[in-house]
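Please look through the structure below before reading on. The paragraphs that follow take up the nonpolar cores, one pair of packed helices and the surroundings of two ligands.

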Amino acid sequence: MNRILVWDLPVRLGHWTLAASFAVAWLTAESESWRNVHVAAGYVFAATIAFRLAWGLVGTRYARFSSFVRGPKAVFSYLGSLLTTRPQHWVGHNPAGGWAILGLLGLGLVTAMSGIAAYNDFGGELFEELHEGAASAALALVGVHLAGVLVGSLAHRENLLRAMFTGYKNGEPVAAIRRQAWIAAGLQAAWITLGAMYLKQVVG
Ligand code: HEM
Ligand code: HEM
């Protein structure tokens with residue numbers, strides 16, 4: 001077993017941007033006087049999700065949706081294996097985590113889009129309700145996500161949290177990705193900054 005690179009830079013930067021912007025948006029949600037900060041955090045969150053969707057198609061091996069989105073059979077087989085002494089091990093996201101990720105990205109998009117509608121007084125209470133509902137559902141799924149990270153870390157005796165910071169895990173050298181994708185990370189930073197500014201200017 002060696003230390004191998006699994007999560008490229010855009011995956012890690014994107015993840016911690018999602019977590020931070022989601023937290024800021026939650027903490028500022030209730031108060032009118034923090035509305036500008038709330039909306040700005042929401043735009044950063046939305047732009048980060050948009051980049052992640054594209055990176056899921058053209059990114060490095062474990063960033064691609066095709067590497068971690070699996071059917072229900074694989075999900076149940078993985079979850080069942082957690083109850084045995086030899087849980088299945090995946091170098092990237094496991095099949096259950098894969099669906100949690102799609103759920104977080106999907107609910108995140110619905111939250112941001114309904115927030116934009118509510119902010120522009122579009123659709124009356126409908127989008128306000130949808131916005132609050134989607135945000136609460138996303139928070140609940142974040143709870144499931146954190147529980148999954150804990151269970152996965154214990155089952156595989158692997159520090160998944162540290163790996164999301166460093167990018168490295170223990171594994172066979174052939175399983176490693178070969179690049180951090182620095183250029184894509186630069187484009188990502190520019191996309192998120194300019195995207196959030198654009199939304200603020202043009203959408204409101
Ligand atoms: C991470 C993304 C976001 C999260 C988690 C989030 C969460 C929330 C929550 C929980 C509320 C309800 C607060 C209450 O109890 O009254 C709220 C309200 C609101 N949010 Fe967001 N939000 C996000 C993004 C956005 C975006 C992108 C916009 C607009 C561009 C936005 C605009 C608003 C507005 C206008 C309200 C007040 C709605 C009302 O009058 O009831 N939010 N948000
Ligand atoms: C402090 C809170 C959080 C911690 C400690 C955390 C931790 C992690 C870890 C360890 C992984 C990798 C899981 C694996 O090895 O398969 C991960 C993945 C992920 N998490 Fe979180 N997370 C947090 C909050 C969030 C939030 C708030 C969101 C979104 C609303 C989120 C969305 C995601 C996504 C989309 C992935 C997949 C990463 C990718 O492939 O791009 N996380 N998280």
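How many residues does the largest nonpolar core have, and which of them have the most contacts inside it? In this predicted model, the core in question has 22 residues. Tyr43, Val44, Phe45, Ala46 and Ala47 are those with the most contacts inside it. At least two residues of this core come from each of helix 1, helix 2 and helix 8, the last spanning 182-203. Helix 2 gives the most, with 10 residues.

Phe45 can serve as an example from this core. Leaving aside residues up to four places away in sequence, Phe45 touches Leu18, Ser21, Phe22, Ala25, Gly108 and Ala112. There is also a second, separate core of five residues. Leu107, Ala134, Ala138 and Val142 are included in that second core.

Next comes a pair of helices. Two packed helices are described by the angle between their axes and the distance between the axes. Helix 4, made of residues 72-81, packs against helix 5 at an angle of about 125 degrees, and the two axes are 7 Å apart. Helix 4 is therefore oblique to helix 5. On the side of helix 4, the contact is made by Ala74, Val75, Tyr78 and Leu79. Helix 5 contributes Pro95, Ala96 and Trp99 to the contact. By class, the residues of this contact are seven nonpolar, no polar and no charged.

The ligands remain. Around ligand 1 there are 22 residues, and Ala25, Ala29, Gly42, Gly115 and Ala135 come nearest. Helix 1, helix 2 (35-58), helix 5 and helix 6 are the elements that give two or more residues to this shell. The shell around ligand 1 divides into 13 nonpolar, six polar and three charged residues. Ala25, one of the residues that come nearest to ligand 1, is also among the residues touched by Phe45.

Ligand 2 is surrounded by 22 residues, of which Ala19, Phe22, His93, Leu160 and Met164 are the closest. Phe22 has already appeared as a residue that Phe45 touches. Four helices each supply at least two residues of the shell around ligand 2: helix 1 (9-27), helix 5 (95-119), helix 6 (125-155) and helix 7 (160-166). With six residues, helix 1 gives the most to this shell. The residues around ligand 2 are 15 nonpolar, six polar and one charged.

Conventions
Residues are numbered from 1 along each chain as its sequence is written. Chains are lettered from A and ligands numbered from 1 in the order in which they are written. This is a predicted model: local features need pLDDT of at least 70, side-chain atom pairs count only at pLDDT 80 or more; totals for chains, interfaces and linings use all residues. A residue is near a molecule or strand if its C-beta atom, placed from the backbone, lies within 6 Å of it. Ala, Val, Leu, Ile, Met, Phe, Trp, Tyr, Cys and Pro count as nonpolar, Asp, Glu, Lys and Arg as charged, and the others, Gly among them, as polar. Axes are lines fitted to C-alpha atoms, for helices over the stretch in contact, and angles run from 0 to 180 degrees between N-to-C directions. Angles under 35 degrees count as roughly parallel, over 145 as roughly antiparallel, 65 to 115 as roughly perpendicular and the rest as oblique. Two residues are in contact if their C-beta atoms, placed from the backbone, lie within 7 Å. A nonpolar core is a set of buried Ala, Val, Leu, Ile, Met, Phe, Trp, Tyr and Cys residues joined through C-beta atoms within 7 Å. A residue is buried if 20 or more other C-beta atoms lie within 10 Å of its own, exposed if 12 or fewer, and partly exposed in between; C-beta atoms are placed from the backbone.
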